Number of protein chains: 4
Amino acid sequence: MCLCRRDIQIKKCRVFYIGTLSFGLDSVLGLLPLSPRSSEKNKTMTDVNVAELVRQSHEAKQKAYCPYSNFQVGAAVLTEEGTIFTGCNIENSSYSLTICAERTAVAKAVSEGYTKFKAIAVATNVSEKYMSPCGACRQFLSEFTKDSGDYDIYMSKPDLTYDKKKISELLPCAFSLN
Amino acid sequence: MCLCRRDIQIKKCRVFYIGTLSFGLDSVLGLLPLSPRSSEKNKTMTDVNVAELVRQSHEAKQKAYCPYSNFQVGAAVLTEEGTIFTGCNIENSSYSLTICAERTAVAKAVSEGYTKFKAIAVATNVSEKYMSPCGACRQFLSEFTKDSGDYDIYMSKPDLTYDKKKISELLPCAFSLN
Amino acid sequence: MCLCRRDIQIKKCRVFYIGTLSFGLDSVLGLLPLSPRSSEKNKTMTDVNVAELVRQSHEAKQKAYCPYSNFQVGAAVLTEEGTIFTGCNIENSSYSLTICAERTAVAKAVSEGYTKFKAIAVATNVSEKYMSPCGACRQFLSEFTKDSGDYDIYMSKPDLTYDKKKISELLPCAFSLN
Amino acid sequence: MCLCRRDIQIKKCRVFYIGTLSFGLDSVLGLLPLSPRSSEKNKTMTDVNVAELVRQSHEAKQKAYCPYSNFQVGAAVLTEEGTIFTGCNIENSSYSLTICAERTAVAKAVSEGYTKFKAIAVATNVSEKYMSPCGACRQFLSEFTKDSGDYDIYMSKPDLTYDKKKISELLPCAFSLN
């Protein structure tokens, strides 16, 4: 009867500390394929892949154009094919025209022909908590679950630790036209 | 550690059938005060009040300006003081400038000086399921939980039956600047 | 060949000083009909009507919800039938969900069944120049020129002086789907 | 007294026919530097450069995600440094979350560190007229005139003919905070 197809229970936040280690792995990562392997068919990602995605989202944050809020956000989306697209928030004198980092990253991917995603990482400079995507971004991300299935969102802190949620956990009973 | 302050478990959808009955109540409702009474201090609403809010959201739907989608949506928001503001979706040649019904209703309330809400009802012509607000609207509604607390969202069908959720259920771990 | 149907030349700004006088007129205005008269068929408005519209846009400004920019904006739109709807800007933690004052005012009118407009007045606290609507609002206003024709935009300062432009002057070669 | 710093007169549309020729030039263009040359310091572009920009905007159009409007739009922005970024429109079930092609292209550039633009080309499948950017996009483009100066917008048809306007012509008296 309900739009929600199932009860949703948000699990305890799983936090992995990957801080300094990730830097050591960076050079290695250049050699590692990020493309799906047999074990990833069910969309699970290795910790190494996640660490790289998170790292790139923090790097992307540096490009933020945010003269009005001074609130830098970065994002990095991983396509089914293993390509990563990064984005940052881009603000405007007329606040309503702001584009968030998540939307920038996904728009870049879509405009290059990618619409199937495995995961997206989000980065801010907030160290007290894991900042989650705004509702507008969740809706934007949700559009591509038709192609991608219910993919992962990694919310991270400057120390590169992260929290993971599914889109369906952050946008239960998602609005959709047919 | 997590932005979510608590585990959230979305309960089974409670569906009340109020269909034909509500019409009988309409004439009575004109006499009933919708303003908060002692028993409503904890934000619970009587079934009668909810029925009226749902009814007004369906009435507001008639005003929808939606030449591009032909998808009519209505909304009715109830303020802490007992005033109801209604809204509809308003589309634009440039789709991004569309304003949803929920945002229209709340914007009307805010522009008249009301920022504390008890509940909002949403109406569409879809009879197969309870259509929920899009992520952008959830974010817009969430802004006013600072003043209002975690208020109710009633999603309804043309037969005036409805499903009820809290904003925190539809937008868990809401994004917010401090 | 061009989308623009004609050359557009923006005339010198006409500025009328209506400052203190308008207050004296306020009480009188309550008695004056704002509805279209024969002489207004071509959408010209009397100075008195304009003064009232501008005054209401400044009053509406007081309701602005703008904790992020602290930039208050008000608007007042006059329908073909003579009704005035007012609005203010409403901001959000996620800047992209901000609704400008002009859109709030017009959304209110549309949700009440009015889609034909004669004029809209915009008010800010900026005294150095006449602040104009953002591009997004111009597009939103433009949608209703189908019904309304090319209506007037009055941009005003806190001293209630104003500058007048047509929508076609502020959004030449407007984008429109057929 | 007016926000507009000068009278603006929109000139007759200049239309260059570059159709079949441009294809012949494509192979050559691969060899031609698109970076600024001495003669381009004042932001004039050669016809060859423009033809390439227009061509890329039409190519980008193919990637449009527009299941709701079926209205494909492409864009290509040329940075001061000579790099071209392309974009397409990306729609959403909730229409308000649509991102236009122009914004996709510019967001890509900004997220890669480019904020100074020389020109942007826009492409649709409409052959009857030169479709111009919506007001929201004009505002988004306008944000970067602080860095870029008043850059060019090329609106084109499927036959690759185009019309050229300055941003200040399409968004006179642009809204801007400070």
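1. A crossing of two helices is left-handed if the near helix is turned anticlockwise from the far one by less than a right angle. In this predicted model, H3(C) passes H4(C) in just such a left-handed crossing. The comments below cover confidence, the annotated region of chain A, and three helix pairs.

2. Confidence. For the complex, the predictor reports a pTM of 0.82 and an ipTM of 0.80. Chain A has a mean pLDDT of 82, with 75% of its residues at 70 or more. The pLDDT is below 50 over residues 1–42 of chain A, yet this stretch makes 65 contacts in the model beyond near neighbours in sequence. Any reading of those contacts should keep the pLDDT below 50 in view.

3. Annotated domain. An unreviewed UniProt entry assigns residues 48–178 of chain A to "domain: CMP/dCMP-type deaminase". In the model, 31% of that span is helix and 23% is strand. The C-alpha atoms at the two ends of the span are 37 Å apart.

4. Annotated binding site. Which residues of chain A carry the UniProt feature "binding site"? The unreviewed entry places this feature at A:Cys100, A:Cys134 and A:Cys137. They are spread over 38 residues of sequence but cluster in space, the largest C-alpha distance being 8.6 Å. As for local setting, A:Cys134 sits in the loop that runs between strand S3 (117–124) and H4 of chain A. A:Cys137 is in H4(A) and takes part in the contact with H3(A).

5. H3 and H4 of chain A. Helix H3 (residues 101–111) and helix H4 (residues 135–142) of chain A have axes that come within 9 Å and cross at roughly 20°. Angles under 35 degrees count as roughly parallel, and H3(A) and H4(A) are therefore roughly parallel to each other. Their crossing is left-handed. On the H3(A) side the contact uses A:Glu102, A:Arg103 and A:Val106, and on the H4(A) side A:Cys137, A:Phe140 and A:Leu141. By class, the residues of this contact of H3(A) with H4(A) are 4 nonpolar and 2 charged, with no polar ones.

6. H3 and H4 of chain C. Here helix H3 (residues 101–111) and helix H4 (residues 135–142) pack at an angle of about 20°, and their axes are 9 Å apart. H3(C) and H4(C) are therefore roughly parallel to each other. C:Glu102, C:Arg103 and C:Val106 in H3(C) meet C:Cys137, C:Phe140 and C:Leu141 in H4(C). The contact of H3(C) with H4(C) comprises 4 nonpolar and 2 charged residues, and no polar ones.

7. H4 of chain C against H4 of chain D. How do the axes of H4(C) and helix H4 (residues 135–142) of chain D cross, and at what angle? They come within 6 Å and cross at roughly 170°. That makes H4(C) roughly antiparallel to H4(D), since angles over 145 count as roughly antiparallel. H4(C) contributes C:Gly135, C:Ala136, C:Arg138, C:Gln139 and C:Ser142, while H4(D) contributes D:Gly135, D:Ala136, D:Arg138, D:Gln139 and D:Ser142. The contact of H4(C) with H4(D) has 6 polar, 2 nonpolar and 2 charged residues.

Methods: Residues numbered from 1 in each chain as written. Chains lettered and ligands numbered in written order. Predicted model: local features only at pLDDT ≥ 70, side-chain atom pairs only at ≥ 80, totals over all residues. Axes fitted to C-alpha atoms, helices over the stretch in contact; angles between N-to-C directions. Helix = DSSP H or I, 4+ residues; strand = E, 2+ residues; numbered from the N terminus. Parallel < 35°, antiparallel > 145°, perpendicular 65-115°, else oblique. Contact = placed C-beta atoms within 7 Å. Nonpolar A, V, L, I, M, F, W, Y, C, P; charged D, E, K, R; others polar. pLDDT = per-residue confidence, 0-100. UniProt positions renumbered as here; feature names shortened; annotations may be inferred.
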